[in-house]
Amino acid sequence: MTIQDIGSFGELLAAIATIATLFYLARQVQANTRQAQTASRVEITRDYRATSAALFDPEVANAWAIGLHHYPDMPSKERSHFSNQFANHALCFQGVFAQFENGQLEDETYNAYLAFFSGLVATPGGLGQHGPNVAPSCPRIQWALAGIFAPTDERLQRETDRAVGLGGN
C-alpha cells in the first residue's frame with residue numbers, strides 16, 4: 001500500500017464520518033424540534049387551564065354562557081365577568097399564535113386552536129367584544145381569523161340557552 005493509497009483511504013473514512021455526522025445532527029435537530037413542539041403544547045395547555053379555571057366559579061360560568069350569545073344585553077357584573085374571560089381567551093390565543101409564528105407549533109395544533117378561538121369570536125358575544133378587530137396589536141391574527149369566521153353555531157346556541165334556562169330539550 002502506497003502513501004497515496006493510505007491518503008485515499010483516509011479521505012474515504014473522513015467522507016463517511018462527515019456523512020454520519022450530518023445524519024446524527026439531522027436527527028438531533030428533529031428531536032429538538034419535537035421537544036420544542038411538545039413544550040409549546042404543554043405551555044398552551046397550562047395557559048388554557050389557567051384561563052378556564054375561572055369557569056369553576058358558577059357566577060363566572062353563567063356569565064360566560066350568557067355572554068357568548070347575549071352580550072352586551074346582560075347585567076354589568078356579568079358583562080364584566082364575560083369580558084374578562086373573553087380577554088383571557090384572546091391572550092391565550094395570542095400566545096398560541098406567537099408560538100406558531102416562531103415555528104414552535106405544528107400546523108395541526110395551531111389550526112385546532114385557531115378554529116376554537118374563531119368559534120368564540122364568531123359568537124354574538126365575540127363579535128360584540130371585538131368584531132373584526134379581535135387583536136388590534138396582531139394584524140396577522142385578524143387576517144387568519146378573517147378567513148375562518150363562520151355563522152353562529154346553532155347547536156352551541158341551543159346548548160347555551162338550555163344551560164341558562166332559556167330553552168327546552
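**View 1. Glu59 and its salt-bridge partner in the predicted model.** In this predicted model, Glu59 has a relative accessible area of 38% and is therefore partly exposed, while Lys77, at 53% relative accessibility, counts as exposed. The two side chains meet in a salt bridge, with a separation of 3.1 Å from N to O. This pair links distant parts of the chain, since Glu59 lies in helix H2 (residues 58-70) and Lys77 in helix H3, 18 residues apart. A search of the whole structure finds 1 salt bridge.

**View 2. Packing of helices H3 and H4.** Helix H3 (residues 76-101) packs against helix H4 (residues 107-121) at an angle of about 155°, and their axes are 10 Å apart. Because angles over 145 degrees count as roughly antiparallel, this value makes H3 roughly antiparallel to H4. The crossing of H3 and H4 is left-handed.

**View 3. A nonpolar surface patch that includes Leu13.** Phe9, Leu12, Leu13 and Ile16 form a nonpolar patch on the surface, and together these residues have about 390 Å² of accessible area. Within this group, Leu13 has its place in helix H1 (residues 3-53), and with a relative accessible area of 44% Leu13 is partly exposed.

**View 4. The protein chain as a setting for the close-ups.** The chain has 7 helices and 0 strands, so that from the N terminus on its elements run α-α-α-α-α-α-α. Of the 169 residues in the protein chain, buried residues make up 29%.

How values were computed. Residues are numbered from 1 along each chain as its sequence is written. This is a predicted model: local features need pLDDT of at least 70, side-chain atom pairs count only at pLDDT 80 or more; totals for chains, interfaces and linings use all residues. Side-chain values use heavy atoms; hydrogens and water are left out. Patches are made of residues with over 30% relative accessible area and no salt bridge: like charges are joined within 9 Å, nonpolar side chains (Val, Leu, Ile, Met, Phe, Trp, Tyr) within 5 Å. Accessible areas come from the Shrake-Rupley method with a 1.4 Å probe; for residues, only the protein chains shown count as cover. A salt bridge is a side-chain nitrogen of Lys or Arg within 4 Å of a carboxyl oxygen of Asp or Glu. Helices (H or I, at least four residues) and strands (E, at least two) are DSSP runs, numbered from the N terminus. Buried means under 20% relative accessible area, exposed over 50%, partly exposed in between (1.4 Å probe, protein chains only). Axes are lines fitted to C-alpha atoms, for helices over the stretch in contact, and angles run from 0 to 180 degrees between N-to-C directions. Angles under 35 degrees count as roughly parallel, over 145 as roughly antiparallel, 65 to 115 as roughly perpendicular and the rest as oblique. A crossing is left-handed if the near helix is turned anticlockwise from the far one by less than a right angle, and right-handed if clockwise.
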